[in-house]
Amino acid sequence: DEAAVGTGRARIPKRGEMERLPLSYAQERLWFLDQLEPESSTYNVSSAYRVTGPLNVTALEQGLTRTVNRHETLRTTFSATEGAPCQVIAPSLSFALPVVDLQALPEMEREAEARRWMREDARRPFDLAHGPLVRASLIRLQETEHILLLTMHHIVCDAWSTDVLFRDLAILYEAFVSGNSPRLVELPIQYADYAVWQREWLQGEVLETQLAYWREKLSGAPASPPLPTDHARPARQTYAGAKESLLLLPASRLQPLKALSRQEGATLFMIFLAAFEVLLYRYTGQEDIVVGTPIANRSRVEVENLIGFFLNTLVLRTDLTGEPTFREVLDRVRQV
């Protein structure tokens with residue numbers, strides 16, 4: 001590890017005793033949005049997993065309880081004094097797993113009722129000040145078929161965190177079912193340690209250097225491109241969005257694209273990004289293209305196994321003026 005203070009690459013230490021635990025910058029952003037629009041379910045992160053075969057509900061509940069107590073962030077709530085938020089971590093938390101039994105319904109109605117239950121659970125808001133900010137329930141379709149619902153507030157998790165949670169839960173469940181001791185490596189730090197470190201590191205000259213970089217890169221950046229199918233933004237945001245899969249590539253088409261990316265010394269993401277930006281250029285006639293993309297933001301080994309809100313959005317700005325390479329890439333992608 002680099003020990004130089006200015007690099008920010010020294011290993012993240014465990015925090016000492018503190019009267020008030022700060023939020024990370026990402027958490028503070030979501031806390032502010034929650035204050036702006038309370039009782040909102042916009043930042044609920046919901047997952048549903050179908051479990052087929054015999055299920056030990058007691059072991060699953062024990063696994064969830066142990067997971068919540070393993071990760072401080074799942075026991076965290078957020079209070080404020082004079083408008084300044086802080087993290088409050090419960091010393092322990094008992095996790096209940098309610099079971100919604102749909103076996104009495106006709107078989108054709110069970111799936112519809114399960115989906116209705118999942119929608120309602122996903123839309124039920126959290127109270128950041130009182131928590132808990134994670135909940136789970138089990139829908140029983142029949143004795144050997146269940147759906148596990150898990151919903152967390154984004155302020156304590158991200159997509160990577162969901163993978164961590166279910167990996168830990170699988171190990172714990174198997175151990176409790178078999179009567180063995182769970183084989184989970186002790187976490188080197190907790191999310192609050194990261195938040196304290198981030199606040200101490202990202203200030204002063206380091207912060208000014210970061211801000212100066214982005215001010216320069218985004219100076220004069222255009223507003224949203226005038227897409228022909230776009231609509232005027234409403235006065236009040238509705239969040240009535242949707243997801244549409246426009247292109248699914250079979251493996252036979254993906255391999256040549258991977259070969260092209262290796263030939264160009266680029267990643268597959270860069271190839272698709274170049275094609276997408278040229279597409280935006282052709283729709284809008286705008287040569288200064290700005291695209292946002294989510295990033296995991298976990299560049300340190302000590303945070304890889306943590307549940308917490310690390311996700312960030314990275315701004316990618318591309319100047320297509322006088323740069324034929326992007327058009328060439330698009331033509332080559334078409335050929336592939």
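Trainee: How many residues of α5 are buried, and what follows for the helix as a whole?

Mentor: The model is a predicted one. In α5, eight of the eleven residues are buried, so the helix is largely enclosed by the rest of the structure.

Trainee: Which residues of α5 are the buried ones, and against which elements do they pack?

Mentor: The buried positions are Y191, A192, D193, Y194, A195, V196, W197 and Q198. They pack against α1 and against β3, the strand at 84–89.

Trainee: How should one read the nonpolar core, and which residues have the most contacts inside the largest one?

Mentor: As a general idea, nonpolar side chains in soluble globular proteins tend to be buried together. Here the largest nonpolar core comprises 40 residues, and those with the most contacts within it are L60, L74, F78, M152, I155, V156 and L165. At least two core residues come from each of α1 (25–36), α2, β5 (134–142), β6 (145–153), α4 and α5 (191–201). The element that gives the most is α4, with four residues.

Trainee: Which residues does L165 contact beyond its neighbours in sequence?

Mentor: With neighbours within four places in sequence left aside, L165 is in contact with T67, L74, L150, M152 and I307. Another core, of eight residues, lies apart from the largest one; V100, A114, I147 and L149 are among its members.

Trainee: How is the packing of two helices described, and at what angle do α2 and α4 cross?

Mentor: Two packed helices are described by the angle between their axes and the distance between the axes. For α2 (residues 57–70) and α4 (residues 159–178), the axes come within 8 Å and cross at roughly 130°. That angle makes α2 oblique to α4. The crossing of α2 past α4 is right-handed.

Trainee: Which residues make this contact, and how do they divide by class?

Mentor: From α2, the contact is made by A59, L60, Q62, G63, L64, R66, T67 and R70; from α4, by L165, D168, L169, L172, Y173, F176 and V177. By class, there are nine nonpolar, three polar and three charged residues. When reading such a list, recall that an α-helix has 3.6 residues a turn, so residues three or four places apart point the same way.

Trainee: Turning to a single strand residue, is T293 buried or exposed, and what does T293 touch?

Mentor: T293 belongs to strand β7, residues 288–295. Its relative accessibility is 13%, so T293 counts as buried. Residues up to four places away in sequence not being counted, T293 touches F269, N312, T313, L314 and L316.

Trainee: What should one look for in the backbone angles, and which residues are joined by a cis peptide bond?

Mentor: Most residues other than glycine have a negative phi, and most peptide bonds are trans. In this model, a cis peptide bond joins G131 and P132, with omega about -10°. P132 sits in the loop between α3 (107–123) and β5.

Trainee: Where do E39 and E82 lie, and what are their phi values?

Mentor: E39 is not a glycine, yet its phi is positive, at about 60°. It occupies the loop between α1 and β1 (44–52), and with 64% relative accessibility E39 counts as exposed. E82 is not a glycine either and has a positive phi of about 55°. E82 is placed in the loop between β2 (76–81) and β3, and at 83% relative accessibility E82 counts as exposed.

Terms used
Residues numbered from 1 in each chain as written. Predicted model: local features only at pLDDT ≥ 70, side-chain atom pairs only at ≥ 80, totals over all residues. Heavy atoms only, no water. Axes fitted to C-alpha atoms, helices over the stretch in contact; angles between N-to-C directions. Parallel < 35°, antiparallel > 145°, perpendicular 65-115°, else oblique. Left-handed = near helix turned anticlockwise from the far one by under 90°. Contact = heavy atoms within 4.5 Å. Nonpolar A, V, L, I, M, F, W, Y, C, P; charged D, E, K, R; others polar. Core = buried A, V, L, I, M, F, W, Y, C linked by side-chain atoms within 4.5 Å. Buried < 20%, exposed > 50% of the residue type's maximum accessible area, 1.4 Å probe, protein only.
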